Amino acid sequence: LRQTRGSRGPGSGGLAGSLLPAATASGSGPAAGEHPEPGEVGHGLGEGSSRIPQGQQRQEPFSVTPTVPTSSWGSCNEARRARVNSTLRCQLRPLFPESQWRGSWCGNVLRNFAFQVSWRTEEILYRLDVDWPEYSEYFTGATFGVAVDSLNGLVYVAQRGDNIPKVLVFTEDGCFLRAWNYTVDTPHGIFAASTLHEQSVWITDVGSGSYGHTIKKYNSFGDLVQVLGTPGKKGTGLNPLQFDNPAELYVEDTGDMYIVDGDGGLNNRLIKLSQDFMMLWLHGENGTEPAKFNIPHSVTLDSAGRVWVADRGNKRIQVFDKDTGEWLGAWTNCFTEEGPSSVRFTLDGKYLIVAQLNLSRLLFVAAPPAGSIGDCSVISTIQLADQVLPHLLDVSGKTGAIFVAEIGAKQVQKYVPLNGYFLSFGS
């Protein structure tokens with residue numbers, strides 16, 4: 001199911017040589033229930049939350065890819081721009097006479113790609129960026145999570161597998177920068193929380209090894225900064241805080257943090273922490289009643305101060321007030337076939353993007369106005385091929401592009417707003 005990009009490999013131009021070792025991710029694909037992989041052996045980090053002193057020496061369990069200097073980004077971007085004209089008519093194929101694309105490079109694209117996007121509704125909102133990333137060969141495992149650092153123009157990809165880097169770093173344009181693996185066991189969710197003074201990324205780790213059942217903060221180069229939870233030990237405790245398969249988190253600009261803990265583990269809870277990691281409120285029981293969960297898998301916020309949780313096992317989305325934790329309502333009517341796997345809002349806040357894992361589908365749902373939850377109303381759909389399995393997604397706060405981590409296809413795909421595409425074409 002992985003996309004094939006012909007002869008465009010790491011050694012064929014752009015970046016010189018093969019920057020990543022050839023590796024197979026045997027056993028890295030998820031089972032139907034998305035059970036986490038066995039953890040890898042590593043050195044313990046100690047109990048509770050801990051902080052790594054700056055400048056501390058560390059041993060790398062994986063040979064980290066050399067960082068690509070910023071000066072080389074230009075060649076990657078120029079190569080992508082050179083293909084825009086030839087890609088244009090392929091992307092807008094339905095708008096041109098068949099004689100203008102039949103037998104052209106467009107036909108080669110459709111043959112080279114293992115799956116296509118099928119639009120099933122009247123309103124088309126996004127198109128696939130077939131040139132992202134520049135080289136898909138860097139995806140060497142099952143891609144479980146993706147996070148966009150809009151402030152610095154970076155995209156982080158979390159993948160699983162044996163003897164591979166667990167985190168890949170790209171530019172939003174698709175240029176590969178670096179990879180790292182330090183203290184990452186089995187990544188699940190990932191969130192970029194950079195400020196003007198700090199580049200950082202948080203990772204939820206569901207592994208059973210020495211680094212598992214934690215939520216960890218790293219800088220952009222993979223140096224461990226902060227650990228929440230008890231490394232290697234699952235639990236339900238609140239003091240000290242313990243996790244069991246924490247699925248995802250969302251960090252506000254204020255530093256307040258929302259965590260969904262319980263990807264099939266002991267816990268089924270939503271936790272809000274302050275910027276100094278003090279608990280502000282909690283919903284933490286397994287069940288089908290309001291404010292109870294069965295595999296809370298993803299969490300996000302809207303501009304109206306509401307917290308949206310993908311309650312995957314209960315086939316619904318639940319909504320809470322971010323300040324008080326008060327339950328505001330739930331959506332169930334859109335998820336009769338399968339529960340939501342991931343939730344994020346579009347840049348303009350008009351739509352909630354929902355991934356459905358086993359249906360290999362993305363839904364665009366109309367966002368309700370402040371003060372009302374109402375019923376779920378699907379505006380648009382992206383139907384992917386069977387077994388692509390879109391797991392978690394993120395949205396660029398600068399361009400509005402959607403990045404989708406697909407554990408079946410073992411890649412991340414980028415979708416760009418169609419209106420922006422037409423503006424660029426018109427100019």
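**Reading a predicted model by its definitions**

Modeller: The secondary structure of this protein comes to four helices and 26 strands, where helices (H or I, at least four residues) and strands (E, at least two) are DSSP runs numbered from the N terminus. The model is predicted, with local features needing pLDDT of at least 70 and side-chain atom pairs counting only at pLDDT 80 or more, while totals for chains, interfaces and linings use all residues. Residues are numbered from 1 along each chain as its sequence is written, and side-chain values use heavy atoms, with hydrogens and water left out.

Biologist: Why is Y258 called buried?

Modeller: Buried means under 20% relative accessible area, exposed over 50%, and partly exposed in between, with a 1.4 Å probe and protein chains only. Y258 has 0% relative accessibility, so Y258 counts as buried. Its place is in strand 13, residues 257-261, and buried residues make up 56% of the 427 residues in the protein.

Biologist: What does Y258 touch, leaving out residues up to four places away in sequence?

Modeller: Contact means heavy atoms within 4.5 Å, and the residues that Y258 touches include E248, Y250, W281, V299 and K322.

Biologist: Why is M279 called partly exposed?

Modeller: The relative accessible area of M279 is 33%, so this residue of strand 15 (residues 279-283) falls in the range between buried and exposed.

Biologist: What makes the nonpolar surface patch of about 220 Å²?

Modeller: The patch is made by L238, M279 and L282. Patches are made of residues with over 30% relative accessible area and no salt bridge (a side-chain nitrogen of Lys or Arg within 4 Å of a carboxyl oxygen of Asp or Glu); like charges are joined within 9 Å and nonpolar side chains (Val, Leu, Ile, Met, Phe, Trp, Tyr) within 5 Å. M279, at 33%, therefore passes the area cut-off.

Biologist: How do you know that strand 24 and strand 25 pair?

Modeller: Two strands pair if DSSP finds at least two bridges between them; strand 24 and strand 25 (residues 402-406) have five bridges, in the antiparallel sense, so they meet that definition. One of the bridge partners is V404 in strand 25, which is matched with L393.

Biologist: Why do strand 3 and strand 24 stand at the edges of their sheet?

Modeller: Four strands form an open, antiparallel sheet in the order 3-26-25-24. Strand 3 (126-128) and strand 24 (390-395) each have a single partner strand, so one side of each is left without a neighbour in the sheet.

Key. Accessible areas come from the Shrake-Rupley method with a 1.4 Å probe; for residues, only the protein chains shown count as cover.
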